[in-house]
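Biologist: Could you walk me through this protein, one question at a time? I am new to it.

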Amino acid sequence: MDINLFDYYLPEELIAQKPSDKRDYSRLLLIDKDNKSYKDAIFHDIVDYFQAGDVLVRNNTKVIPARLLGTKEITGAQCELLLLKQLEGDVWECLTRPAKSLKVGARVSFGDGKLIGEVVEEKEEGLRNVKFIYDGIFMEVLDALGKMPLPPYISQQLCTNDRYQTVYAKFEGSAAAPTAGFHFTEEIFKKLEEKGVTIVDVTLHIGLGTFRPVKVTDTKDHVMHSEVYEITEEACRILNEAKSQNRRIIAVGTTSTRTLEANYTKYGTFYPTKESTNIFIEPGYTFKAIDCLVTNFHLPKSTLVMLVSAFMGREFTLEVYKHAVEERYRFFSFGDSMFIYAKK
């Protein structure tokens, strides 16, 4: 499909630069997928649209301070590394800048030599495999020297890093946050559980797929970058039971969606595993795992808009986005949310 089919007008001032004062007081667009209707609400209203027996699936990945600013040894030239994925031991796949000067053997110093990165392999599109040299525990060194990898459309760092994490973030490994989860609070989870909703965690460490724009004109030519996900045996038991009983599975965000759809598509059931996926969901895809979706408002012509379009139809998606713009919703990572639901 032509990527221009997923374009829409977005005034720059609607791009949220900071999170809402209270997580669950962001705005919420409630979307009835079956009746093609929608209405405006506040996020904490979402509890009213859950029912006993629902299974809510969230991505419990935790963002690491993956952005490193340093200087190239010998020349002193400034360099930037964004850690995307741990490959083995102290070797990480990194997005680098300026990539042209970072050949195999190049060494970059961070924090006056407290951390050294040595390029061990060159890859395409600015990617490099980098081996890190340090004393102590790597994550502690990274916490001291790294910065939160906020998206490029956010112009300043946060006062506290916890607002670029979900309240349920657990396993470190992401270069970006699963932002649809920002709106949930412990109080909301408690109310959902009291209502008979089961909460299940999966893990997908978010990497380059989030940062890489679609550079082709035809979506069939776009290749998603692979990301590692994990689903436990207990999570699979709960999800398979829900499927067999025709209960709703509700995904928090596109990363949870991609995890569940990749797993169910491959195995024909929910199967416990830790592996990589590069699943690309666009219109024409048949959803097999999820019934409802909580998600933010995404970039024009992005793979995430394509995923939402696949879920509720391209024309209806663009209609919903037009409404959100007209009603001055806040967009992208720190923006507002939508709940796309269907009854069973």
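Modeller: Here are some questions and answers about its empty spaces, one helix, its cores and a few backbone angles. This is a predicted model, in which local features need pLDDT of at least 70 and side-chain atom pairs count only at pLDDT 80 or more, while totals for chains, interfaces and linings use all residues. Residues are numbered from 1 along each chain as its sequence is written, and side-chain values use heavy atoms, with hydrogens and water left out.

Biologist: What is the volume of the largest cavity?

Modeller: On a 1 Å grid over the protein atoms alone, a cavity is a set of points where a 1.4 Å probe fits but cannot get out; a pocket is an open set with protein on both sides within 12 Å along at least five of seven lines. Grid points are joined across faces, edges and corners, and a volume is the space filled by probe spheres set on the points. The whole structure holds three cavities of 30 Å³ or more. The largest cavity has a volume of about 70 Å³.

Biologist: How many residues in the lining of the largest cavity are charged?

Modeller: Lining residues have an atom within 4 Å of a point, and here they include Arg-23, Arg-163, Phe-182 and Arg-330. Ala, Val, Leu, Ile, Met, Phe, Trp, Tyr, Cys and Pro count as nonpolar, Asp, Glu, Lys and Arg as charged, and the others, Gly among them, as polar. The lining divides into three nonpolar and five polar residues, and the number of charged ones is three.

Biologist: Which element gives the most to the lining of the second largest pocket?

Modeller: That pocket has a volume of about 280 Å³ and is lined by 19 residues, with Glu-172, Gly-173, His-205, Val-228 and Lys-274 nearest its centre. Strands S6 (78–88), S11 (171–174) and S13 (227–231) each give two or more residues to the lining. Helices (H or I, at least four residues) and strands (E, at least two) are DSSP runs, numbered from the N terminus. With four residues, the element that gives the most is S13.

Biologist: Which residues of helix H7 are buried?

Modeller: H7 (residues 314–326) has 13 residues. Its buried residues (under 20% relative accessible area; exposed is over 50%, partly exposed in between, with a 1.4 Å probe and protein chains only) are covered by elements including S1, S2, S16, H6 and S17. They are Phe-316, Thr-317, Val-320, Tyr-321, His-323, Ala-324 and Val-325.

Biologist: Which element gives the largest share of the largest nonpolar core?

Modeller: A nonpolar core is a set of buried Ala, Val, Leu, Ile, Met, Phe, Trp, Tyr and Cys residues joined through side-chain atoms within 4.5 Å. The largest has 65 residues, and those with the most contacts inside it are Tyr-164, Leu-260, Phe-331 and Met-338. Seven of its residues, the largest share, come from H6.

Biologist: Where is the cis peptide bond that leads into Pro-98?

Modeller: Pro-98 is in the loop between strand S7 (91–97) and strand S8 (107–110). With omega near -5°, the cis bond runs from Arg-97 to Pro-98.

Biologist: Is Ile-74 buried or exposed?

Modeller: Ile-74 lies in the loop between strand S5 (67–72) and S6. Although not a glycine, Ile-74 has a positive phi of about 80°. At 91% relative accessibility, Ile-74 is exposed.

Note on methods. The expected span of a helix is 1.5 Å times one less than its number of residues. Contact means heavy atoms within 4.5 Å.
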